[in-house]
Amino acid sequence: EFVKLCRDNGIKPVIGTEIRNEDELLYILIAANNNGLHWIHDFLSFHLTNKHPFPPCDNVESFFGNIKDGYAIFPYNTKPLAGLKENEFIGIRNRELNALVTLIF
């Protein structure tokens with residue numbers, strides 16, 4: 001219904017979820033299409049129904065593996081830039097902008 005309402009009003013919907021263990025933000029998952037949304041639901045269902053904590057940023061390859069229908073955004077300084085796949089990004093908060101200067105220069 002959300003997607004239909006968005007499209008009816010000329011808005012391109014973006015559907016995703018924040019993945020947290022307690023108060024710690026681990027990453028954000030964003031679906032690129034219905035397959036990506038299905039993958040996110042499977043990922044959430046597996047961890048929530050089995051009461052498993054979500055894997056940290058440095059141990060997600062077994063879960064993210066070959067997902068090509070979505071994106072993962074990791075908090076700044078939690079995953080090396082050199083190790084990012086084409087569908088993985090680093091999110092920068094306003095208060096972290098000054099830290100980017102040290103990466104560039």
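User: Which residues have the most contacts inside the largest nonpolar core of this model?

Analyst: The model is a predicted one. Its largest nonpolar core holds 14 residues, and those with the most contacts inside it are I19, Y27, L29, F43, F54 and F74.

User: Which elements give two or more residues to this core?

Analyst: A core may be read by asking what each element contributes. Here β2, α2 (34–49) and β3 each give two or more residues. The largest share, four residues, is that of β2.

User: How many helices and strands does the protein have, and in what pattern do they follow one another along the sequence?

Analyst: The protein has four helices and four strands. Along the sequence they follow the pattern α-β-β-α-α-β-β-α. Of the 105 residues in the protein, 28% are buried.

User: In what order do the strands stand in the sheet?

Analyst: The order of strands in a sheet is read from their pairing. In this structure the four strands form an open sheet with the order β1-β2-β3-β4, and the pairing is mixed. The strands β1 and β4 (88–91) stand at the edges, and each has a single partner strand, so one side of each is left without a neighbour in the sheet. On average, neighbouring strands of the sheet are turned by 25° against each other, with direction ignored.

User: How many bridges join β1 to β2, and do these strands run parallel or antiparallel?

Analyst: Strand β1 (residues 15–21) and strand β2 (residues 24–31) run antiparallel and are joined by seven bridges. Two positions illustrate the arrangement: E18 stands opposite I28 in β2, and N21 stands opposite E24 in β2.

User: How many residues lie between the strands of this hairpin, and which residue takes a positive phi?

Analyst: The hairpin of β1 and β2 has two residues between the strands, and E22 takes a positive phi near 60°.

User: How does β3 pair with β2, and how with β4?

Analyst: Each pair of strands is best read separately. With β2, strand β3 (residues 70–75) pairs in the antiparallel sense over four bridges. In β3, Y71 is the bridge partner of I30. With β4, by contrast, β3 runs parallel, and four bridges join the two. In β4, E88 is the bridge partner of A72.

User: Where is the place of L84, and is L84 buried, partly exposed or exposed?

Analyst: L84 lies in the loop between β3 and β4. Exposure is read from the relative accessible area, and buried means under 20% while exposed means over 50%. L84 has a relative accessible area of 24%, so this residue is partly exposed.

User: How many residues apart are L84 and A72 in sequence, and how far apart are they in space?

Analyst: Separation may be read in two ways, along the chain and through space. L84 and A72 are twelve residues apart in sequence, and their C-alpha atoms are 9.7 Å apart in space.

User: What volume does the largest pocket have, and which residues are the closest to its centre?

Analyst: The volume of the largest pocket is about 300 Å³. Its lining consists of 13 residues, of which P13, I15, A31, A32 and N33 are the closest to the centre. The elements α1 (2–8), β2 and α2 each give two or more residues to the lining.

User: How do the residues of this lining divide into nonpolar, polar and charged?

Analyst: The character of a lining is read by sorting its residues into classes. In the largest pocket, nine lining residues are nonpolar, two are polar and two are charged.

Terms used:
Residues are numbered from 1 along each chain as its sequence is written. This is a predicted model: local features need pLDDT of at least 70, side-chain atom pairs count only at pLDDT 80 or more; totals for chains, interfaces and linings use all residues. Side-chain values use heavy atoms; hydrogens and water are left out. Two strands pair if DSSP finds at least two bridges between them. A nonpolar core is a set of buried Ala, Val, Leu, Ile, Met, Phe, Trp, Tyr and Cys residues joined through side-chain atoms within 4.5 Å. Buried means under 20% relative accessible area, exposed over 50%, partly exposed in between (1.4 Å probe, protein chains only). On a 1 Å grid over the protein atoms alone, a cavity is a set of points where a 1.4 Å probe fits but cannot get out, and a pocket is an open set with protein on both sides within 12 Å along at least five of seven lines; lining residues have an atom within 4 Å of a point. Grid points are joined across faces, edges and corners, and a volume is the space filled by probe spheres set on the points. Ala, Val, Leu, Ile, Met, Phe, Trp, Tyr, Cys and Pro count as nonpolar, Asp, Glu, Lys and Arg as charged, and the others, Gly among them, as polar. Axes are lines fitted to C-alpha atoms, for helices over the stretch in contact, and angles run from 0 to 180 degrees between N-to-C directions.
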